[in-house]
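Work through the exercises below with the sequence and the 3D view open. Try each task before reading its solution.

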Amino acid sequence: MRSDWVAASVRARSMAQRRVGAGTCRGIAASPDLQAALDRLAVTAYADELELVQTLAQAQRATRRTVLWQLRVLAGWLPAGGARLVRSAAAVFEADNILSLELKLRREQTAQTRQDIPNPSTGTGAGTGTGSSPDTGAGSGRSSRSGEDFQPFDLGGLATAWPRLQTANTVEELRSALSSSPWGDPGQDAALSDVLTMVWLRRLANEAQPARSWAASAAALLCARLVFIDRSSPGERLLSLLRPLIGTGWVGADNPDALRAALPPGPAQALDSLQIPTELWRGEALLAARVEMDGFHLLRAGLPGPDVVLGAMAVLAVDAWRVRAALAAAAVNAGNSEVLDAVA
């Protein structure tokens with residue numbers, strides 16, 4: 001069966017075998033500091049990306065770059081037409097690029113607005129040549145923070161719309177470009193991050209049936225956060241993305257029990273035994289563990305095919321998530337990670 005997937009399946013299993021693993025991650029979490037934790041990763045698949053990092057944020061982003069590179073390698077082994085599966089998984093990195101670009105553009109526009117406001121004491125723009133505004137560069141008209149952290153993920157051939165989106169010069173241009181891209185109109189009444197997350201999850205679920213239950217559980221957790229932490233209602237665009245996965249019966253739920261009862265049985269399990277909202281992080285950790293377990297099951301599938309590749313992608317993504325949790329614990333010398341303990 002699917003002889004054209006044999007090479008891709010062999011490669012996928014080989015890459016999954018190079019994961020760090022839960023046991024090693026617990027050891028990394030017990031490291032006395034970040035550098036000691038990074039030293040323990042020097043002989044792993046993450047080594048190249050971690051070589052020059054100095055901060056926890058840089059290290060955590062480096063683990064994500066490693067996963068993206070692994071997806072790009074996998075895509076090169078797929079048969080014709082198979083790249084859609086990997087591209088749908090990699091869309092989460094394009095979503096991150098979009099969010100980072102929007103933040104950069106907002107900072108730039110805010111800095112420009114501050115410059116354009118007349119200074120009552122001088123009659124000139126507040127940031128014109130005086131250096132008095134802490135958010136402006138020397139005569140650049142840009143926030144000093146607007147671009148320094150913006151290092152988009154290199155998607156290569158896995159990009160969906162990023163080559164065009166990245167040319168936007170204003171938030172309005174970016175949102176207009178999104179509307180005419182596969183990401184669709186983000187709407188004005190929902191957080192862009194939530195909309196992009198759900199577009200990504202829907203896309204992955206449509207490409208890979210086993211991922212549908214993961215997407216539905218993630219949608220349930222998103223809704224619980226939206227209702228009980230953000231205290232907001234989903235906008236029309238977000239609701240349309242959520243509807244195929246978890247329906248709309250949960251809208252208006254005013255307590256956790258009502259929310260669970262209104263959700264379909266599968267997604268509702270993602271909220272079982274959780275104290276909402278204080279333990280939603282635990283639900284996210286448990287979902288990661290379930291994705292990993294399902295990934296291992298798919299990897300052990302007897303025949304080569306897209307399920308094996310999906311399994312490898314799931315295992316590699318969760319491994320990077322474990323590494324990030326371990327690095328965070330080591331950076332503060334916590335001795336262990338509550339997040340990792342939750343899924344032990």
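Four exercises on this predicted model follow, each with a worked solution.

**Exercise 1. Decide whether N97 counts as buried or exposed, and find its contacts.**

Solution.
- Step 1: Locate the residue. N97 sits in helix 6, which covers residues 83-116.
- Step 2: Apply the cut-off. Buried means under 20% relative accessible area. N97 has a relative accessibility of 0%, so N97 counts as buried.
- Step 3: List the partners, setting aside neighbours within four places in sequence. N97 is in contact with R61, F150, P152, F153, L155 and W162.

**Exercise 2. Describe the largest pocket: its volume, its central residues and the makeup of its lining.**

Solution.
- Step 1: Start with the volume, which is about 1300 Å³ for the largest pocket.
- Step 2: Turn to the lining. It consists of 37 residues, and V92, T197, W200, L201 and A218 are the closest to the centre of the pocket.
- Step 3: Assign the lining to helices. At least two residues each come from helix 5 (56-77), helix 6, helix 9 (192-207), helix 10 (212-228), helix 14 (280-299) and helix 15 (306-331). Helix 15 supplies the largest share, 8 residues.
- Step 4: Sort the lining of the largest pocket by class. There are 29 nonpolar, 2 polar and 6 charged residues.

**Exercise 3. Treat the second largest pocket in the same way.**

Solution.
- Step 1: The space in the second largest pocket is about 290 Å³.
- Step 2: Its lining has 13 residues, and those nearest the centre are R18, A45, T66, W69 and Q70.
- Step 3: Helix 1 (6-17), helix 4 (47-50) and helix 5 each give at least two lining residues to the second largest pocket. Helix 5 contributes the most, with 4 residues.
- Step 4: By class, the lining of the second largest pocket splits into 5 nonpolar, 4 polar and 4 charged residues.
- Step 5: Look for a shared element. Helix 5 supplies at least two lining residues to the largest pocket, and helix 5 also supplies 4 to the second largest.

**Exercise 4. Which residues have the most contacts inside the largest nonpolar core, and which helix gives the most to this core?**

Solution.
- Step 1: The largest nonpolar core holds 111 residues, and W183 and V309 have the most contacts inside it.
- Step 2: Helix 15 gives the most to this core, with 16 residues.
- Step 3: Follow V309 outward, again leaving aside neighbours within four places in sequence. V309 is in contact with W5, A8, A12, L74, L78, L85 and V86.
- Step 4: Compare with Exercise 2. Helix 15 gives the most to this core, and helix 15 also supplies the largest share of the lining of the largest pocket.

Terms used: Residues numbered from 1 in each chain as written. Predicted model: local features only at pLDDT ≥ 70, side-chain atom pairs only at ≥ 80, totals over all residues. Heavy atoms only, no water. Buried < 20%, exposed > 50% of the residue type's maximum accessible area, 1.4 Å probe, protein only. Contact = heavy atoms within 4.5 Å. 1 Å grid on protein atoms, 1.4 Å probe; cavity = no way out; pocket = protein on both sides within 12 Å on 5 of 7 lines; lining within 4 Å. Points joined across faces, edges and corners; volume = space filled by probe spheres on them. Nonpolar A, V, L, I, M, F, W, Y, C, P; charged D, E, K, R; others polar. Core = buried A, V, L, I, M, F, W, Y, C linked by side-chain atoms within 4.5 Å.
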